[in-house]
Amino acid sequence: MAAKIIKGAEIAKQIREELKVEVEEMKDKDGTVPGLVTILVGENPASQSYVRAKTATAKELGFHSVQDNQPADMSEEALLKLIDKYNKDSSIHGILVQLPLPKHINETKVLYAIDPDKDVDGFHPVNVGKLMIGTADFLPCTPHGIQELLVRSGARMEGAEVVVVGRSNIVGKPIANMLLQKGPGANATVTVVHTRTRDIAFHTKRADVLIVAAGVAEYVKGDMIKEGAYVIDVGVNEVGRTAEGKRILKGDVEFDSCAEKAAAITPVPGGVGPMTITMLMKNTVKAARIKR
Ligand SMILES: NC(=O)c1ccc[n+]([C@@H]2O[C@H](COP(=O)([O-])OP(=O)(O)OC[C@H]3O[C@@H](n4cnc5c(N)ncnc54)[C@H](OP(=O)(O)O)[C@@H]3O)[C@@H](O)[C@H]2O)c1
């Protein structure tokens, strides 16, 4: 196997260590403690485990960490009121509403109700717009994690041909926009491909950096990539269960065939996944700095 493995878990740990130092400095300087609330409506098991992980990481970093669990039959009006309460709470710098919400609640309405200065997920249209014009305070967590992985693993982004597979609002579009910006860790030439693209392999084969967020297990094979490419696999696809009931996960990239040709590649699990929560913490520290 030729490729360097980009170890997201290790890079995420390194960033969390940096954040711990930053949080201590903030506390020492003027007593600011970053505050993060995670709001969970209902009892979706996957959401419960994501929220637990977010709350635990916030605590580990010395944040004021609040987990606010609400019943599945909570009304939309009550949720909007709760968000308003946290918008006004000066001990809270970041508000995260765990998605998906129960069907009777309008997700867009809820996300738009979060104060953009506390929108640490980066999904509010004000923050999406700022990202587009290159003045973002909060970059969305998964794309930000991808950019950090690329920069910290030594990918040359300046002038690179980047191809992004997928155009979702949470991964494909924001990462394409971020890497297109003028500035360090960006300045790339970006192509985005999707289900209506005529010849996907034509594009993926010329990518110096290939980012795959399609949600299709092992979609990109070795014969679709360029020798020496950096390959970032965002996909998380459950393809079965072990005898013990553990989930078997595959990425959107066929790891073995791509690792033979790539210069560097992220594994699944252990690549992009661990970065997402860490970047949420980074945004919360930033929100606390902005509010000081
Ligand atoms: N590790 C993490 O933290 C993290 C975070 C977010 C997502 N993910 C994972 O990343 C993957 C993508 O997530 P998402 O939310 O971006 O997915 P999504 O909303 O389903 O979007 C998938 C995108 O891929 C495109 N696509 C699907 N099949 C394709 C194909 N055969 N050829 C070309 N393009 C294709 C779709 O094109 P159209 O627009 O034309 O339909 C769409 O734009 C999922 O596996 C998800 O679980 C991981």
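Here are a few worked exercises on the structure above.

The model is predicted, and local features need pLDDT of at least 70, side-chain atom pairs count only at pLDDT 80 or more, while totals for chains, interfaces and linings use all residues. Residues are numbered from 1 along each chain as its sequence is written, and side-chain values use heavy atoms, with hydrogens and water left out.

**Exercise 1. Work out the strand order in the open sheet that holds β2, and say which strands stand at its edges.**

Step 1: Get the vocabulary straight. Strands (E, at least two residues) and helices (H or I, at least four) are DSSP runs, numbered from the N terminus. Two strands pair if DSSP finds at least two bridges between them.

Step 2: Read off the order. The three strands go β3-β2-β4, with parallel pairing.

Step 3: Find the edges. β3 (64–70) and β4 (94–97) each have a single partner strand, so one side of each is left without a neighbour in the sheet. On average, neighbouring strands here are turned by 15° against each other, direction ignored; the axes are lines fitted to C-alpha atoms, for helices over the stretch in contact, and angles run from 0 to 180 degrees between N-to-C directions.

Step 4: Zoom in on one pair. β2 (residues 35–41) is joined to β3 by seven bridges, and Val37 sits opposite Val66 in β3.

Step 5: Add the helices. α3 (residues 76–88) lies across β2, β3 and β4, at about 175° to β2. α10 (residues 273–291) lies across β2 and β4, at about 130° to β2. Contact means heavy atoms within 4.5 Å.

**Exercise 2. Find the residues that touch the most other members of the largest nonpolar core, and the element that gives the largest share.**

Step 1: Define the set. A nonpolar core is made of buried Ala, Val, Leu, Ile, Met, Phe, Trp, Tyr and Cys residues joined through side-chain atoms within 4.5 Å. Buried is under 20% relative accessible area, exposed over 50%, partly exposed in between (1.4 Å probe, protein chains only).

Step 2: Pick the hubs. Of the 46 residues, Ile146, Leu150, Val162 and Ile211 touch the most other members.

Step 3: Find the top supplier. That's α10, with seven residues.

Step 4: Check one hub. Not counting residues up to four places away in sequence, Ile146 touches Val171, Ile175, Ile211, Ile232, Val234 and Val272.

Step 5: Don't merge the cores. A second, separate one of 19 residues includes Leu210, Val231, Ala262 and Ile265.

**Exercise 3. Sort the residues of β7 by the way they point, and name the strands it pairs with.**

Step 1: Sort. Val209 and Ile211 point one way, Leu210 and Val212 the other, and all are buried.

Step 2: Pair. β7 runs parallel to β5, with four bridges between them; Val165 has Val212 as its bridge partner. β7 also pairs with β8 in the parallel sense over four bridges, where Leu210 stands opposite Val231.

**Exercise 4. List the residues nearest the ligand and three N or O distances to its oxygen atoms.**

Step 1: Of 21 residues around the ligand (a heavy atom within 4 Å), Arg167, Ser168, Thr195, Val236 and Thr276 come nearest.

Step 2: A side-chain N or O atom of Ser168 is 2.5 Å from a ligand oxygen.

Step 3: For backbone N or O atoms, the distance to a ligand oxygen is 3.0 Å at Val236 and 3.4 Å at Ala213.

Conventions: Polar contact = N/O pair within 3.5 Å; in protein donor to acceptor, adjacent residues only side chain to side chain.
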